[in-house]
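Biologist: I should like to go through this structure with you step by step. May I put my questions one at a time?

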Amino acid sequence: MSDTPDLPVVERRRTDGTPADRTIPPAELDPLRAPTDRPIVIAANRLPVMRTDDGWSPSPGGLVRALYPMLRESGGTWVGWTGDADDAAEPFSVEGVDLHPVAVSAEEMELYYEGFSNDALWPLYHDALRESTYSGEQWDAYQAVNERFAIALANIAPENSVVWIHDYQLQLVPAMLRRQRPDLTIGFFLHIPFPPAELFTRLPWRDEIIQGLLGCDLIGFQRPKDAANFQAAASQLLDADTDPDGTIRLDGGTTIAGVFPISIDVTEVEEIAAGRATRQRTSQIRARLGDPEVIMLGVDRLDYTKGIGLRLKAFAQLLEDERLDPTRHVMVQVATPTREAVEHYQDERAEIERLVGEINGRFSRIGLPVVHYLYQTLPYDELVALYRAGDVMLVTPFRDGMNLVAKEYCAAHIDGDGVLVLSEFAGAADELTEAVQVNPHDDRALQDAIVEAVEMHRHERRGRMEGLRNQIRKSDVQGWAARFLAALDATTPTTTP
Ligand code: ADQ
């Protein structure tokens, strides 16, 4: 776990982005200690562990690394699904943290997870980039699984403990839990955007979702705009009272909508990046790519929100127009397999693979493809070596809650070089203002941004990267978790809605 000496004051912000008056002094936010004396219980769709040959081990990733030590210290528990259908495992413990599995059947996996969560909510919450499927059967499964999580939490959360629920799969749990356990302090963090009311109101079960979330004392969002959208929906749909400081009042209950932009484990990435094995691997990657002048890099889950196809088209157009040269400029696109059972994802993969084939067919030379495409999940140290090898990182989502890849790239560039091209529609754009920011819907602007990044003078590149790295160092994932939990601890439990 990383140390964060300059941990900022808690970011309980107003919905317009300015800090609210209720702040937690930095002294209370030691990231090595749990920021509350009360036991912490986390609920997320997935448990933070993976099956290995010897049993279970903690999953990789900054979020798990940030929360695990806090849970261990507070004697807390993590409630979630193992990821396997019909897996009714008994509670167990991994590295001192109690884990409480919630069973999800194969049918529920299809209806609650692939269906309602990933084929109704996910596209709707991302600017309705794809048509959502609204099905009563999927909604019933979503309610049933949320109820199961709420019952599990009600049974295991110690009296007056702090419960922190994560993400769009579990939005009904707060109110369901509040009804059973008014003694608990309940928080929720939404990792993805909250849509504007014009879009959100399309959802047939819009009132139920807002009521579900208003069971919380504190809801954390990535960006001020997400918190403002939620407040607007609560006011418009349920006639809730809302204050500019994020307070929402309804039926005697009070919920705060706050802004807590998530981050990464900066120290971990820097340590991997500085290792000798990574340096060697970075040189090897460059050599394998034919020692090009500029390596452009994309790293994403293969999701239609991430703008991968658009980026490939921009690259192809630049080659076509001879603004880029296939003998000097190459692109590496790593795409993690994800949600492969959902049709929109199958279509997206087919389109990306068609584009890669088309571009390579046209511009590659024997033994030297111009686009190197990996449809694989890579080990983290390999990813960091790739980040280091990347001269220009292309992060061009149409809409993204935050985008951790943008932050990981900057943290990995301990050499102080490299250029980040970043979509204005990623949450990270609020903080990473030294990136070359672009509207990815504007194809010419995207092409110009890529050329600007490729041709940027070394002095400017280094100046911008310094700014980006300073920004990221100011707020890592440990600080994020500590700020959220401290703010949650400071709230007063609401009354039953
Ligand atoms: P995601 O949509 O999954 O997360 P992102 O924030 O970019 O998006 O995180 C992806 C993570 O996966 C990164 O940590 C990255 O290292 C890893 N990854 C990507 N491709 C990989 C590959 N090929 N091999 C191995 N690892 C890979 C959701 C929201 C985001 C929000 C996060 C956290 O959609 O907007 O930033 O949650 O809140």
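The questions and answers below concern a predicted model, beginning with the ligand and moving on to single residues.

Biologist: How many residues surround the ligand, and which are the closest?

Modeller: Please bear in mind that this is a predicted model. A residue belongs to the surroundings if one of its heavy atoms lies within 4 Å of the ligand. The count is 23 residues, and the closest are His191, Thr336, Leu378, Asp400 and Glu408.

Biologist: How many residues of each class, nonpolar, polar and charged, does the shell around the ligand have?

Modeller: For this grouping, Gly is placed among the polar residues, while Asp, Glu, Lys and Arg are the charged ones. The shell around the ligand has eleven nonpolar, seven polar and five charged residues.

Biologist: Which helices and strands each supply at least two residues of that shell?

Modeller: The shell draws at least three residues from domain 1 (10-263 + 478-495) and at least three from domain 2 (266-474). Among the elements, at least two residues each come from the strands β13 (294-301) and β14 (329-336) and from the helices α12 (380-389) and α13 (404-412).

Biologist: Which atom of the ligand lies 2.8 Å from a polar side-chain atom of Thr336?

Modeller: Two other side chains have polar atoms close to ligand oxygen: Gln222 at 3.1 Å and Arg301 at 2.8 Å. For Thr336, the partner at 2.8 Å is a nitrogen atom of the ligand.

Biologist: How much of the accessible area of the ligand does the protein cover?

Modeller: A polar side-chain atom of Thr336 lies 2.8 Å from a nitrogen atom of the ligand. On its own, the ligand has 710 Å² of accessible area. The part of this area that the protein covers is 84%.

Biologist: How many disulfides does the count come to?

Modeller: A disulfide is a covalent bond between the sulfur atoms of two cysteines. To be counted, the two sulfur atoms must lie within 2.5 Å of each other. By this rule the count is zero.

Biologist: Is Cys216 buried or exposed?

Modeller: A residue is called buried when its relative accessible area is under 20%. The relative accessibility of Cys216 is 0%, and Cys410 likewise has a relative accessible area of 0% and is buried. Cys216 therefore counts as buried.

Biologist: Where is Asp239, and is it buried or exposed?

Modeller: Asp239 has a positive phi, near 60°, and is a residue other than glycine. Its place is in the loop between α7 (224-238) and β10 (241-242). Because its relative accessible area is 66%, Asp239 is exposed.

Biologist: What is the relative accessible area of Asp291?

Modeller: Asp291 is not a glycine, yet its phi is positive at about 45°. This residue sits in the loop between α9 (276-288) and β13. Asp291 is exposed, and its relative accessible area is 56%.

Biologist: Which side chain has a polar contact of 3.0 Å with that of Thr396?

Modeller: Thr396 is in the loop between β16 (392-395) and α13, and it is buried because its relative accessible area is 0%. A polar atom of its side chain lies 3.1 Å from the backbone oxygen of Gly307. The side chain that shares the contact of 3.0 Å belongs to Arg311.

Biologist: Which residue has the backbone oxygen that the side chain of Arg469 reaches?

Modeller: Arg469 is in helix α15 (residues 458-474). Although it is a charged residue by class, its relative accessible area is 9%, so Arg469 is buried. At 3.5 Å, its side chain reaches the backbone oxygen of His413.

Biologist: How far apart in space are Gly467 and Gly307, C-alpha to C-alpha?

Modeller: Gly467 is found in helix α15 and is partly exposed, with a relative accessible area of 24%. In sequence, Gly467 and Gly307 are 160 residues apart. Their separation in space, C-alpha to C-alpha, is 25 Å.

Biologist: What distance in space separates Ala233 and Asp207, C-alpha to C-alpha?

Modeller: Ala233 is in helix α7 and counts as buried, at 1% relative accessibility. The two residues are 26 residues apart in sequence. The distance between Ala233 and Asp207, C-alpha to C-alpha, is 9.0 Å.

Terms used
Residues are numbered from 1 along each chain as its sequence is written. This is a predicted model: local features need pLDDT of at least 70, side-chain atom pairs count only at pLDDT 80 or more; totals for chains, interfaces and linings use all residues. Side-chain values use heavy atoms; hydrogens and water are left out. A polar contact is a pair of N or O atoms within 3.5 Å; within protein, one must be able to donate a hydrogen and the other to accept it, and residues adjacent in sequence count only if both atoms are side-chain atoms. Accessible areas come from the Shrake-Rupley method with a 1.4 Å probe; for residues, only the protein chains shown count as cover. Helices (H or I, at least four residues) and strands (E, at least two) are DSSP runs, numbered from the N terminus. Domain bounds come from an automatic or database domain assignment. Buried means under 20% relative accessible area, exposed over 50%, partly exposed in between (1.4 Å probe, protein chains only).
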